Amino acid sequence: MSEIKSVEEVPEIKVPETEARETEAHETPAPDLAEAAAAILSENDRGDYTIPSEGLYPHQWLWESCFVAIGLRHLDPRRAQTELVSLVRGQWHNGMLPNMIFSSEPQYHRDRNFWRSWVSPQSPDGLATSGITQPPLLAEAVWQVGQTLQSAERRSWYKLMLPHLIEYHQWLYRERDPHGEGLVLLVHPWESGLDNTPPWTVELQDHLMPGWIRFLRTTNLDRVIALFRRDRHYIPPGQRLTTLETLSYFDAQRRLRRKAYDTMKILDHGLFSVEDLNYNCMFIRANTRLREIAKTLRYNLPPELLERMTKTETALEQLWDPYAEKYWSRDFITHRLLKQPSIAALMPLYAGCITKERAATLVKLLENEHIFGPNFPVPTVPIDSPMFDPDRYWQGPSWVNTNWMIIDGLKRYGFREHAAALTDTTLDMVRANGFWEYFHPTTGEGLGARNFSWTAALTLDLLKRK
Ligand code: GLC
């Protein structure tokens, strides 16, 4: 046999076209998008809850599990119920739902110990959680899962979850709207779910960055600290929070822990307190779902709770800026509007309580390719903002969960074509690139963590509801 010396010498073997295609199809079967999504959810399944993604996110997150249940209900409504039941295991005695329930595996001892939820008498027994909350999506998820059940089962399901929902919403009003003004406040950017969204990072830089972190900034020592960041094992640095932001967030968390996560004590010490636009919009929607769930059960919600729910809807209008024609988040103490553009501007569509005219104004922002309308929308910061960074986490990339909420809002306001177009671009983005945590808004390239659960779950839901 003659020896082949270089690749050029390899004789070309011609395969008839049909045969070639068949072989290819056999070797790499193009998986159906729904099947691929289901495979990711089962890979990330930890028995009674789903982790967001292997490696970087090994615990259970509040709004993550809600999005997961919304997708899982199409595959296995029982498993979707389990996802939410396991979430309320973490509910605190005062009604708070924590943003994280920690895995009990020995290797996560440091995470549990960092939060030390047991410093609060309100924390659940025998379970380590964080001490702050996350977007209030539970009522939506409970309602959506209920829609896949027969009416008798649906009633039992709602009966099981209703007390948890009432306690959570009452906690939000009692502790996070202490003056009864209608809007609820957040005490940490992690509670917003949009961790490094500009209104929060700018607030932090301008007012709340502790001296030792400013010192690191002037001496550039943050670059050394960056070498020890765990997330860098998984994700390129340009796609995550900066080291200074990360340190400030951890510092803020430590201050909350010192106050045993007690809102009153936290407010007394003037730590973070922001009436976050996205959060309040999601809360308004959650209140609507809570009313629907109670109605199905013919259960009368406490009058005081109903009154406060109505007040939240009217209070949203206080966040409207007639000059900029936009909604903003607001500082809880000074009532100053935090005029840093972000995707939250579109979330009043999801809240569903604004006028049709207002909704049309927001849709214009979405149509504009220089604002919220690049090739693969919707960027989490508008393109014309100086803070826009297409690779960095919540500062520019498009996320499937925020798209899902906008699509829902568009449908409710009758913008059916817009909703269909956004559904298509979202699904195309995932189909072409995979189930990433977030995506580059102009190229569609996948960014952040791979095989991300809510991307998979909401892909399933979007496919079903197309
Ligand atoms: C990040 C996200 C947050 C999400 C969590 C787990 O912290 O900002 O929204 O819930 O990761 O996926």
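**Notebook: strands, a helix pair, cysteines and one arginine**

I began with strand E3, and in this predicted model I found that 2 bridges join E3 to strand E6, residues 329–331, with the two strands running antiparallel. Looking up the pairing residue by residue, I noted that Val274 stands opposite Asp331 in E6. I then followed the pairing outward and recorded an open sheet of 3 strands, in the order E3-E6-E7, with antiparallel pairing. The edges of this sheet are strand E3 (274–275) and strand E7 (337–338), each of which pairs on one side only.

Next entry, the helices. I looked up helix H6 (residues 138–146) against helix H7 (residues 151–176), and I noted that their axes come within 10 Å and cross at roughly 175°. Because an angle over 145 degrees counts as roughly antiparallel, I entered H6 and H7 as roughly antiparallel to each other. On the H6 side I listed Leu138, Ala139, Val142, Trp143, Val145 and Gly146 as making the contact, and on the H7 side Arg154, Trp157, Tyr158, Met161, Leu165 and His169. Sorting the residues of this contact of H6 with H7 by character, I recorded 9 nonpolar, 2 polar and 1 charged.

Next entry, the cysteines. How many disulfides does the structure hold? I wrote down 0 disulfides, and then I asked why Cys66 has no such bond. The closest cysteine sulfur to that of Cys66 belongs to Cys281 and is 17 Å away, which is too far for a bond, since a disulfide needs the two sulfur atoms within 2.5 Å. Cys281 is likewise in no disulfide, and I noted that its nearest cysteine sulfur, that of Cys353, is 7.0 Å away. I also looked up whether these residues are buried or exposed: Cys66 counts as buried, at 0% relative accessibility, and Cys281 also has 0% relative accessibility and counts as buried.

Last entry, Arg285. I placed Arg285 in helix H14, which covers residues 277–296; Cys281, entered above as buried, falls within that numbering as well. Is Arg285 buried or exposed? With a relative accessible area of 2%, I recorded Arg285 as buried, because the limit for that term is under 20%. Which residues does Arg285 contact, once its neighbours within four places in sequence are left aside? I listed Glu140, Tyr350, Ala351, Asp408 and Arg412 as the residues in contact with Arg285. Among them, Glu140 brought me back to helix H6, since the residues of that helix are 138–146.

Methods. Residues are numbered from 1 along each chain as its sequence is written. This is a predicted model: local features need pLDDT of at least 70, side-chain atom pairs count only at pLDDT 80 or more; totals for chains, interfaces and linings use all residues. Side-chain values use heavy atoms; hydrogens and water are left out. Buried means under 20% relative accessible area, exposed over 50%, partly exposed in between (1.4 Å probe, protein chains only). Two strands pair if DSSP finds at least two bridges between them. Helices (H or I, at least four residues) and strands (E, at least two) are DSSP runs, numbered from the N terminus. Axes are lines fitted to C-alpha atoms, for helices over the stretch in contact, and angles run from 0 to 180 degrees between N-to-C directions. Angles under 35 degrees count as roughly parallel, over 145 as roughly antiparallel, 65 to 115 as roughly perpendicular and the rest as oblique. Contact means heavy atoms within 4.5 Å. Ala, Val, Leu, Ile, Met, Phe, Trp, Tyr, Cys and Pro count as nonpolar, Asp, Glu, Lys and Arg as charged, and the others, Gly among them, as polar.
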